[in-house]
Each structure stands twice: as structure tokens, then as C-alpha cells.
Amino acid sequence: MNLTQAAVPESPNSIALFLDFDGTLVELAERPEQVIVTNDLRQLLGDLFQQLHGALAIVSGRPLAAIDALLQPLQLPGAGLHGVELRDAAGAGISAAIALDLRPAADALRRYFGGDGAADSSAILVEDKVLAIAVHYRQQPHRADEAERALRAAVESFPVEIVAGKFVFEARPRGIDKGSALRRLMQMPAFAGRQPVFIGDDVTDEDGMAAAQALGGIGIKVGQGSSIARERLHDPAAVSKWLCGLAGRK
Ligand SMILES: [Mg+2]
């Protein structure tokens, strides 16, 4: 795939920025809680949030509370759980698109895979997000099929769909994705009228890139692999550099 190397937009102040978190702003870690967030990144995101007059959102598969914990004291607009949660302005409350409690299914999966995985770094990790469940098999890639089968069985009776990511299967509410999240955020005051730019690295980001491009904006794929995006950045370090350019830094 030959995608154009992403250039900094010509009028950076008229864009709305939508950023995936893991694998885009930070390198992926063995376990989700092990990602490294530098103060430089917090500073950069905070500066851009000011420069764009609030038109900067984190669009992640993680709950927004988890993003807040990683970026504290910074609290940005965003979509959590692939768009199930939404927060338009910093400091505003989080709204949920639907009511759903997947905890019983997550508990059943933990029992199936043995314990909570916390004590055993080689385990299959069941991440309970209440409105979604992620089964991480990065430590045991040969058990991918089993991880998917167990997840499907556990959430059989819930209105969810299964999405595959990098060494992860995720059950999440049907019909809600990063594309619908971008469209809803674009209707909010800080974002409306701007050109959306969506940057992401994984399969679930494709919906966000497609929505951005459909609205006359830009989709940027991070890393290798085919993508609907028309532009590409090599890795999170390249994303940081691109964001620095946007912020007018060297
Ligand atoms: Mg990602």
C-alpha cells in the first residue's frame, strides 16, 4: 500500500483533531495499563487543545475514565469504548449512548480463563469495561480462536458485536463505532464547521477515518497494513512529530 506520507494541513487552525490513543499516541504495551505517557505528550495535547479552541478529541476503545487517568491532569473531549461514551467539552460529564451491563459475562470469562490475570503476565487478559469486554491474547497468540469462541459464547444474549483488533477481541454495543462517534462530536459547538482529521492505527479506527474523509477531512493510518486512509504516518513517534508541526513547534 502506497499511502501519501501525511503532511501538516495548510490551515491547521481550522481542523478538528480526532486521535486514537493506544498505538497512535503511545506505543502498544504488553498489557494496557503498561503504556508510557510522557509529560511532553500531555503538554503537546494540552497546547493543541487550546490552539484548536477545544476541537481535539481522544477516540479510544478504552473508557474515558481510563484515558483521563493516563492524561491527568489533562481532561480532553473524547469518545470512549469506541463511541459508546461521549464527552464534548473538557470538564463536562460523560454520556453513554446505551445502557448495558456486561459485567456478568466478563466474570464468566475470567472464571473460564482462570483468575483475573493480574498475577500472571502470561495469561489471557479479560478487560471488563462494563459497556464492553476486551479479551487480550497478546501473551498467547496461539489461543486466538479459543479467545474469540469463549467471548462469543459469553455475550451470546447481549446486543453486542465482536470486533477483532491487534491481539484482542472485543464485544461492544452493536451499531456504534468510531465513525458514529466522530459524526456526533462534529455536531458539537467546538467541532462544528471544522475539517475533521482522524489518526489511528487499528481496524476499529477505519470507521473514524472513513467518516472524516466522507466529511471532507483527512484520515491518517499509523503503521503498516491496508487502510481506507489516504495518508500515513509510520509510528507514534511520527504522530508526535506531526502534532508538533501542527502546534508550530520544531
Ligand atoms: Mg489504537
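How do the residues of the lining of the largest pocket divide into nonpolar, polar and charged? I will come back to that after the metal site.

This is a predicted model, where local features need pLDDT of at least 70, side-chain atom pairs count only at pLDDT 80 or more, and totals for chains, interfaces and linings use all residues. Residues are numbered from 1 along each chain as its sequence is written, and side-chain values use heavy atoms, with hydrogens and water left out.

The magnesium ion has D20 (OD), D22 (O) and D201 (OD) as its protein donors, lying 2.1 Å from it. Donors are N, O and S atoms within 2.8 Å of the metal (3.2 Å for Na, K and Ca); water is not among the atoms, so sites may look incomplete. Along the chain, the donors follow the spacing D-x1-D-x178-D. D20 lies in the loop between strand 2 (15-19) and helix 1 (39-51), and D201 in the loop between strand 11 (195-200) and helix 6 (206-214), so the pair ties together parts that are 181 residues apart in sequence. Helices (H or I, at least four residues) and strands (E, at least two) are DSSP runs, numbered from the N terminus. D20 is buried, at 4% relative accessible area, and D201 is buried too, at 3%. Buried means under 20% relative accessible area (1.4 Å probe, protein chains only).

Now the lining. Its residues divide into nine nonpolar, two polar and three charged. Nonpolar covers Ala, Val, Leu, Ile, Met, Phe, Trp, Tyr, Cys and Pro; charged covers Asp, Glu, Lys and Arg; the others, Gly among them, count as polar. A pocket is an open set of points on a 1 Å grid over the protein atoms alone, where a 1.4 Å probe fits, with protein on both sides within 12 Å along at least five of seven lines; lining residues have an atom within 4 Å of a point. Helix 7 (236-246) gives the most to this lining, with four residues.

Definitions and conventions: Buried means under 20% relative accessible area, exposed over 50%, partly exposed in between (1.4 Å probe, protein chains only).
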